[in-house]
Amino acid sequence: MSNQRTLSIIKPNAVKKNKIGLIIALLEEAKLKVVEVKMITLSVEKAESFYSEHKGKPFFNELIAFMTSGPLVIMALEGEDAINTNRKIMGATNPAEALEGTIRAKYGDGMTENAVHGSDGLESASRELKFFFG
Ligand code: ATP
Ligand code: MG
């Protein structure tokens with residue numbers, strides 16, 4: 001374990017439901033520190049670039065439509081083992097399978113509208129932080 005930074009996104013369904021504060025509270029309680037934050041609406045081009053690894057998958061178009069449907073909160077989180085800590089508190093991709101108390105169990109609305117994104121490894125964290133914060 002070591003001190004790390006990871007990228008977190010509060011997705012449009014959670015922003016629309018006024019859950020920004022409750023989600024950040026869960027992250028902070030898990031000892032993750034918000035070190036950068038901004039609210040943006042993604043263009044289709046930028047969303048497709050961010051999710052380029054999923055291009056061609058059956059859910060890709062739905063994912064891009066959802067991620068461009070409203071504002072997002074983009075955060076850099078810092079802490080001990082931040083990448084895995086964040087993934088744990090997020091819960092499984094499918095909110096129906098996410099453990100009780102996790103962000104996706106509480107605020108997810110479906111497989112695509114699953115409330116949050118989090119980098120899944122050192123390489124993606126570095127790439128995604130650069131993508132949004134330079
Ligand atoms: P994220 O990358 O957002 O943190 P994840 O790593 O748990 O989530 P990925 O497999 O990277 O999941 O998929 C990226 C996003 O695409 C998911 O968060 C979800 O919004 C959407 N997605 C993934 N699989 C499906 C699916 N089978 N049907 C619909 N949407 C999906
Ligand atoms: Mg992923």
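Two strands pair if DSSP finds at least two bridges between them. Helices (H or I, at least four residues) and strands (E, at least two) are DSSP runs, numbered from the N terminus. The tour applies these terms to a predicted model, in which local features need pLDDT of at least 70, side-chain atom pairs count only at pLDDT 80 or more, and totals for chains, interfaces and linings use all residues. Residues are numbered from 1 along each chain as its sequence is written, chains are lettered from A and ligands numbered from 1 in the order in which they are written, and side-chain values use heavy atoms, with hydrogens and water left out.

**First stop: strand β3 and its partners**

Select residues 72–80, which make up strand β3. Seven of these nine residues are buried (under 20% relative accessible area, with exposed meaning over 50% and partly exposed in between; 1.4 Å probe, protein chains only). Strand β3 is therefore largely enclosed by the rest of the structure.

Add strand β2, residues 33–40: it runs antiparallel to β3, and seven bridges join the two. Within this pairing, E36 has A76 of β3 as its bridge partner. Next add strand β1, residues 3–10, which pairs with β3 over eight bridges, also in the antiparallel sense. Here I10 is found opposite V73 of β3.

**Second stop: E78 and R5**

The structure holds three salt bridges (a side-chain nitrogen of Lys or Arg within 4 Å of a carboxyl oxygen of Asp or Glu). Select E78 and R5, whose side chains meet in one of them, at 2.6 Å from N to O. E78 belongs to strand β3 and R5 to strand β1, so that distant parts of the chain, 73 residues apart, are linked. Both residues are partly exposed: E78 has a relative accessible area of 23%, and R5 one of 38%.

**Third stop: Q4**

Remain in strand β1 and select Q4. Q4 is buried, at 15% relative accessible area. A polar atom of its side chain lies 3.1 Å from the backbone nitrogen of A82. Show the residues in contact with Q4 (heavy atoms within 4.5 Å), leaving aside neighbours within four places in sequence: they are L77, E78, G79, D81, A82, I83 and L122.

**Fourth stop: K31**

Move to the loop between α2 and β2, the place of K31. At 73% relative accessibility, K31 counts as exposed. Beyond its neighbours within four places in sequence, K31 is in contact with E78 and G79. A C-alpha to C-alpha line drawn from K31 to P58 spans 36 Å, for a separation of 27 residues in sequence.

**Fifth stop: the aromatic cluster**

Select F50, Y51, F131 and F132, which form one aromatic cluster. The structure holds four aromatic pairs (rings of Phe, Tyr and Trp, the last by its six-membered ring, with centres within 6.5 Å; planes under 30 degrees apart count as stacked, over 60 as edge-to-face and the rest as tilted). In the pair of F50 and Y51, the ring centres are 5.0 Å apart and the planes stand at 80°, so the arrangement is edge-to-face. F50 and Y51 are both buried.

Turn next to F50 and F132, whose ring centres are 5.2 Å apart with planes at 55°, so this pair is tilted. F50 lies in helix α3 (residues 44–50) and F132 in helix α7 (residues 122–133), so the pair ties together parts that are 82 residues apart in sequence. F132, like F50, is buried.

Finally, display K46. Its charged end sits over the ring of F131, 4.6 Å from the centre (the criterion is NZ of Lys or CZ of Arg within 6 Å of the ring centre and within 35 degrees of the ring normal).

**Sixth stop: R127 and E123**

Follow helix α7 to R127 and E123, which both lie in it four residues apart, about one turn of the helix. They form a salt bridge in which the closest N and O atoms are 3.1 Å apart. R127 counts as partly exposed at 38% relative accessibility, whereas E123 counts as exposed at 54%.

**Last stop: D109 and K17**

Select D109 and K17, which form a salt bridge with the closest N and O atoms 3.0 Å apart. The pair links distant parts of the chain, 92 residues apart: D109 is in the loop between α6 (103–107) and β4 (116–118), and K17 in the loop between α1 (12–16) and α2 (20–29). D109 is partly exposed at 46% relative accessibility, and K17 is partly exposed at 31%.

Note on methods:
Polar contact = N/O pair within 3.5 Å; in protein donor to acceptor, adjacent residues only side chain to side chain.
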